[in-house]
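Reader: Please take one residue of this model and look at it closely, then work outward to the parts of the fold around it. I would like contacts and distances where they are available.

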Amino acid sequence: PGIVCTNLNIAPGQRVAVKGDVLPGAKSFAINLGKSPDVLLLHFNARFDAHGDVKTIVCNSKNKGQWGKELRETNFPFQEGTTAEVLFTHDKKEVIITLPGNHQVKFPNETGLENIEFVCIDGDLNFRSLSLV
Ligand SMILES: C=CCO[C@@H]1O[C@H](CO)[C@@H](O[C@@H]2O[C@H](CO)[C@H](O)[C@H](OCc3cn(Cc4cccc(/C=C/CN=C(N)N)c4)nn3)[C@H]2O)[C@H](O)[C@H]1NC(C)=O
């Protein structure tokens, strides 16, 4: 996997900003937030061309290692070779994802997780920063 941040204590209502450089020729990157690799409030997967999806955002959750129900978004404001920032705010009900250009996607909080302790970045996004904004 890519960069892993653990022992975080991000409470509902706090806004997490993840910034990274999308690699030239990017196929796919993922930003995972939750408690551990097997308990994910949100798996945010930007697919440029992966698993049969082209320029599609696939969101899902994971509980005890089991994937939940995918949510797909075709508003795809990512470009290879550029810096991207995605903002995440969560509460008991949902995660609100603010995409570049300020389009928002809402994903239900299936895990019921209150605090985010774990964030990991995978794939074609070179991690630059994680901050609370
Ligand atoms: C139609 C057939 C059956 O339905 C498909 O069934 C697949 C398997 O379940 C799902 O796919 C799965 O979807 C999950 C979300 O739900 C996860 O995303 C999972 O990935 C997990 C995962 C993460 N990671 C690390 C990672 C993440 C991103 C990029 C890289 C590396 C990039 C390398 N860069 C290159 N080469 N340039 C690596 N690895 N695996 C993916 O396999 C498809 O969505 C689904 N499609 C539809 C339409 O339903």
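Author: Arginine 47 is part of strand S4, in a model that is predicted. With a relative accessibility of 8%, arginine 47 counts as buried, because the limit for that class is under 20%. Its side chain has a polar contact with the side chain of aspartate 53, at 2.7 Å. Apart from neighbours within four places in sequence, arginine 47 touches Lys27, Ser28, Asp53, Val54, Lys55, Thr56, Val58, Glu70, Arg72 and Phe76. Aspartate 53 is thus named both in that set and as the polar partner.

The ligand comes next. It has 14 residues around it, and those that come nearest are His43, Arg47, Asn60, Glu70 and Asp124. A polar side-chain atom of arginine 47 is 2.8 Å from an oxygen atom of the ligand. Glutamate 70, which is also in contact with arginine 47, places a polar side-chain atom 2.6 Å from a ligand oxygen atom. For aspartate 124, the ligand atom is a nitrogen, and a polar side-chain atom lies 2.9 Å from it.

From here the nonpolar interior can be followed. The largest nonpolar core holds 32 residues, and Phe29, Ile31, Leu42, Phe44, Phe78, Phe88 and Ile97 have the most contacts inside it. Two or more residues each come from S2 (15-22), S3 (28-36), S4 (39-50), S5 (53-63), S8 (83-90), S9 (94-98), S10 (104-108) and S11 (118-123). S4, the strand that carries arginine 47, gives the most to this core, with six residues. In soluble globular proteins, nonpolar side chains tend to be buried together.

Phenylalanine 88 gives a view of that packing. Beyond its neighbours within four places in sequence, phenylalanine 88 contacts Gln14, Arg15, Val16, Val18, Ile31, Leu33, Leu42, Phe44, Val95, Ile96 and Ile97. Ile31, Leu42, Phe44 and Ile97 from that set are also listed with the most contacts inside the core.

Now the sheet. Five strands make up an open sheet ordered S10-S9-S8-S2-S12, with antiparallel pairing. S10 and strand S12 (125-132) each have a single partner strand, so each stands at an edge with one side left without a neighbour in the sheet. From one strand to the next, the twist averages 20°.

Within the sheet, S9 pairs with both S8 and S10. Four bridges link S8 to the antiparallel S9, and leucine 87 stands opposite threonine 98 in S9. The connection from S8 to S9 is a hairpin through three residues. On the other side, S9 and S10 run antiparallel and are joined by five bridges. Isoleucine 97 is opposite valine 105 in S10, while glutamate 94 has proline 108 in S10 as its bridge partner. S9 and S10 also form a hairpin, with five residues between them, and glycine 101 in that turn has a positive phi of about 90°. S9 is mostly covered, as four of its five residues are buried.

Terms used. Residues numbered from 1 in each chain as written. Predicted model: local features only at pLDDT ≥ 70, side-chain atom pairs only at ≥ 80, totals over all residues. Heavy atoms only, no water. Core = buried A, V, L, I, M, F, W, Y, C linked by side-chain atoms within 4.5 Å. Buried < 20%, exposed > 50% of the residue type's maximum accessible area, 1.4 Å probe, protein only. Contact = heavy atoms within 4.5 Å. Polar contact = N/O pair within 3.5 Å; in protein donor to acceptor, adjacent residues only side chain to side chain. Pairing = 2+ DSSP bridges. Axes fitted to C-alpha atoms, helices over the stretch in contact; angles between N-to-C directions. Near = heavy atom within 4 Å.
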